[in-house]
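Student: I should like to learn how to read a structure feature by feature. Please begin with a single residue and then widen the view.

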Amino acid sequence: ESSSGEEAEETQQTQEERAETALHKGDKLYYIAKEIVTTERTFLKGLKLLHEDFRGAVAEAGAAAGKPIVADDVMATILQNVGQLVQFNSTLLEQLENRLKNWETDMKIGDIMAKNAPFLKLYTPYIQNFDDACKVLT
């Protein structure tokens, strides 16, 4: 009998260890997901700075000077598809933030990343254009 009592105790301990490991794994995943959300939020702020603030400041300066400070074609080269990137990253951030709010019931973000993977091709022209944009600015 003591053998089965020891087995039951051992089984209980193993279950508790598994539960504790799952809890810690969930915590670790949560902090990774939280870091991704924080990084995405910061990146989106930078994109908005370019798309809205930079564009607005250049337009204001041009209006004050009575002539464009940066020609429209140059501005288009610099900010080629930043508006699309702002839209995509805003949607991605919203999805990730919603997942964090409901983390206890759905502890993953891979599905969100997989669903949004096709939209990452929006970065191709941005990356390909980066050197030209930098040259225009110097």
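**From one residue to the whole fold**

Tutor: Tyr31 has a relative accessible area of 54%, and it counts as exposed because exposure begins over 50%. Please note that this is a predicted model.

Student: Is Glu52 buried, partly exposed or exposed?

Tutor: Glu52 is partly exposed because its relative accessibility of 44% falls between the limits of 20% and 50%. This residue belongs to helix α1. In sequence, Glu52 and Gly83 are 31 residues apart, while their C-alpha atoms are 8.8 Å apart in space.

Student: How many residues does the protein have, and what percentage of them count as buried?

Tutor: The protein has 138 residues, and 22% of them count as buried.

Student: How many helices and how many strands are there in the protein?

Tutor: There are five helices and zero strands. Along the sequence, the elements follow the pattern α-α-α-α-α.

Student: How does one read an individual helix, and which residues of α3 are buried?

Tutor: In an α-helix there are 3.6 residues a turn, so residues three or four places apart point the same way. In α3, the buried residues include Val82, Leu85, Val86, Phe88, Asn89, Leu92 and Leu93. Gln95, Leu96, Arg99 and Leu100 are also buried there.

Student: What span should helix α3 have, and how far apart are its end C-alpha atoms?

Tutor: Helix α3 covers residues 82-101, which is 20 residues. At 1.5 Å a residue it should span 28 Å, and the end C-alpha atoms are 28 Å apart, so the two values agree.

Student: Which residues have the most contacts inside the largest nonpolar core?

Tutor: They are Leu47 and Leu96, in a core of 20 residues. The elements that give two or more residues to this core are α1, α2 (72-78) and α3. Helix α3 provides the largest share of the core, eight residues.

Student: How should aromatic pairs be read, and how many does a search of the whole structure find?

Tutor: A pair of aromatic rings is described by the distance of the centres and the angle of the planes. The search finds six aromatic pairs in the whole structure. One of them joins Tyr30 and Tyr31 edge-to-face, with 5.4 Å centre to centre and 75 degrees between the planes. Phe88 and Tyr123 form another edge-to-face pair, at 6.5 Å centre to centre and 80 degrees between the planes. This latter pair links distant parts of the chain, with Phe88 in helix α3 and Tyr123 in helix α5, 35 residues apart.

Student: Are Phe88 and Tyr123 buried or exposed?

Tutor: Both Phe88 and Tyr123 are buried. They also belong to a cluster in which ring pairs link Phe43, Phe88, Phe119, Tyr123 and Tyr126.

Student: How is empty space found, and which lining residues lie nearest the centre of the largest pocket?

Tutor: Rolling a probe the size of a water molecule over the atoms shows where empty space is left. Here, the largest pocket holds about 170 Å³ of space. Of its 13 lining residues, Leu50, Ile78, Tyr126, Phe130 and Ala133 lie nearest the centre.

Student: Which helices each supply at least two residues of the lining, and what is its character?

Tutor: Helices α1 (2-65) and α5 (123-137) each supply at least two, and α5 gives the largest share, six residues. The lining has 10 nonpolar residues, three polar and no charged.

Definitions and conventions
Residues numbered from 1 in each chain as written. Predicted model: local features only at pLDDT ≥ 70, side-chain atom pairs only at ≥ 80, totals over all residues. Heavy atoms only, no water. 1 Å grid on protein atoms, 1.4 Å probe; cavity = no way out; pocket = protein on both sides within 12 Å on 5 of 7 lines; lining within 4 Å. Points joined across faces, edges and corners; volume = space filled by probe spheres on them. Helix = DSSP H or I, 4+ residues; strand = E, 2+ residues; numbered from the N terminus. Nonpolar A, V, L, I, M, F, W, Y, C, P; charged D, E, K, R; others polar. Expected span 1.5 Å × (residues − 1). Buried < 20%, exposed > 50% of the residue type's maximum accessible area, 1.4 Å probe, protein only. Phe/Tyr/Trp six-rings, centres within 6.5 Å; stacked < 30°, edge-to-face > 60°. Core = buried A, V, L, I, M, F, W, Y, C linked by side-chain atoms within 4.5 Å.
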